[in-house]
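Reader: I would like a close look at a single part of this protein, taken slowly and with the reasoning shown. Please begin at one end of that part and then work outward to its surroundings.

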Amino acid sequence: VEKLNALHTALVHTRAAYELAAEKAESPAVSSVCEQMAALRQKDHAELHQALLAAGETPDENGSFMTTVHETVVSVRAAITGISEKTLPAFISGEEEIVKLYDEAAEEAGPNNRTIEILVRQRANLMTKIQEMKRLANS
């Protein structure tokens, strides 16, 4: 469950950053995307939390030092360049890294594990959001 734990922690990290980005966003469209991503992170995190508990693990609810790093990056970016459509490529790049974590967790889980269904569904939802962010960034 090492990879599942890593994914869970990454969701904790980025949820807080999206909440902050939603507050600091310069446009309603970007604020909405950030709010949607924060809500998706919360939902996915809760589901993975339960999967970890079912696997006998105690999930970390506080994230790690990276939670602070993500929040700091968003704050600095908001102060210097603002949170706008121009910021979305950086968010997209980060989300593509999260997709890799989903892939690694799914590989670790194996095809007969109930968690695989959760991971595949969450990954598909994330891919949809990445496409939405790409469209907004290109508009």
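Author: The part I have chosen is helix 2, and a convenient place to begin is just beyond it, where helix 2 is followed by Gly 56, a residue whose phi is positive, near 85 degrees. What is described here is a predicted model, and the confidence attached to it therefore deserves a word before the details. The protein chain averages a pLDDT of 86, and 84% of the residues score at least 70. Within the chain, confidence is highest in helix 5 (residues 115-137), at a mean of 96, and lowest in helix 3 (residues 65-80), at 55. Where pLDDT is low, the predicted coordinates should not be read in detail.

Turning to helix 2 itself, which covers residues 28-54, its length can be checked by simple reasoning: at 1.5 Å a residue, its 27 residues should span 39 Å, and because the C-alpha atoms at its ends are 39 Å apart, the expectation and the model agree.

The neighbours of helix 2 come next. Two packed helices are described by the angle between their axes and the distance between the axes. Helix 1 (residues 2-24) packs with helix 2 at an angle of about 155 degrees, their axes being 8 Å apart; since angles over 145 degrees count as roughly antiparallel, helix 1 and helix 2 are therefore roughly antiparallel to each other. The crossing of helix 1 past helix 2 is left-handed, and their contact comprises, by class, 13 nonpolar, 7 polar and 5 charged residues.

With helix 4 (residues 88-109), the axis of helix 2 comes within 13 Å, and the two cross at roughly 20 degrees, which makes helix 2 roughly parallel to helix 4. Here too helix 2 passes helix 4 in a left-handed crossing.

Both of these neighbours also take part in an aromatic pair, Tyr 18 lying in helix 1 and Phe 91 in helix 4, so that the pair links distant parts of the chain, 73 residues apart. The count of aromatic pairs comes to 1. The ring centres of Tyr 18 and Phe 91 are 5.5 Å apart and their planes stand at 55 degrees, so the pair is tilted.

Key
Residues are numbered from 1 along each chain as its sequence is written. This is a predicted model: local features need pLDDT of at least 70, side-chain atom pairs count only at pLDDT 80 or more; totals for chains, interfaces and linings use all residues. Side-chain values use heavy atoms; hydrogens and water are left out. Helices (H or I, at least four residues) and strands (E, at least two) are DSSP runs, numbered from the N terminus. The expected span of a helix is 1.5 Å times one less than its number of residues. pLDDT is the predictor's confidence in each residue, from 0 to 100. Axes are lines fitted to C-alpha atoms, for helices over the stretch in contact, and angles run from 0 to 180 degrees between N-to-C directions. Angles under 35 degrees count as roughly parallel, over 145 as roughly antiparallel, 65 to 115 as roughly perpendicular and the rest as oblique. A crossing is left-handed if the near helix is turned anticlockwise from the far one by less than a right angle, and right-handed if clockwise. Ala, Val, Leu, Ile, Met, Phe, Trp, Tyr, Cys and Pro count as nonpolar, Asp, Glu, Lys and Arg as charged, and the others, Gly among them, as polar. Rings of Phe, Tyr and Trp (its six-membered ring) pair if their centres lie within 6.5 Å; planes under 30 degrees apart count as stacked, over 60 as edge-to-face and the rest as tilted.
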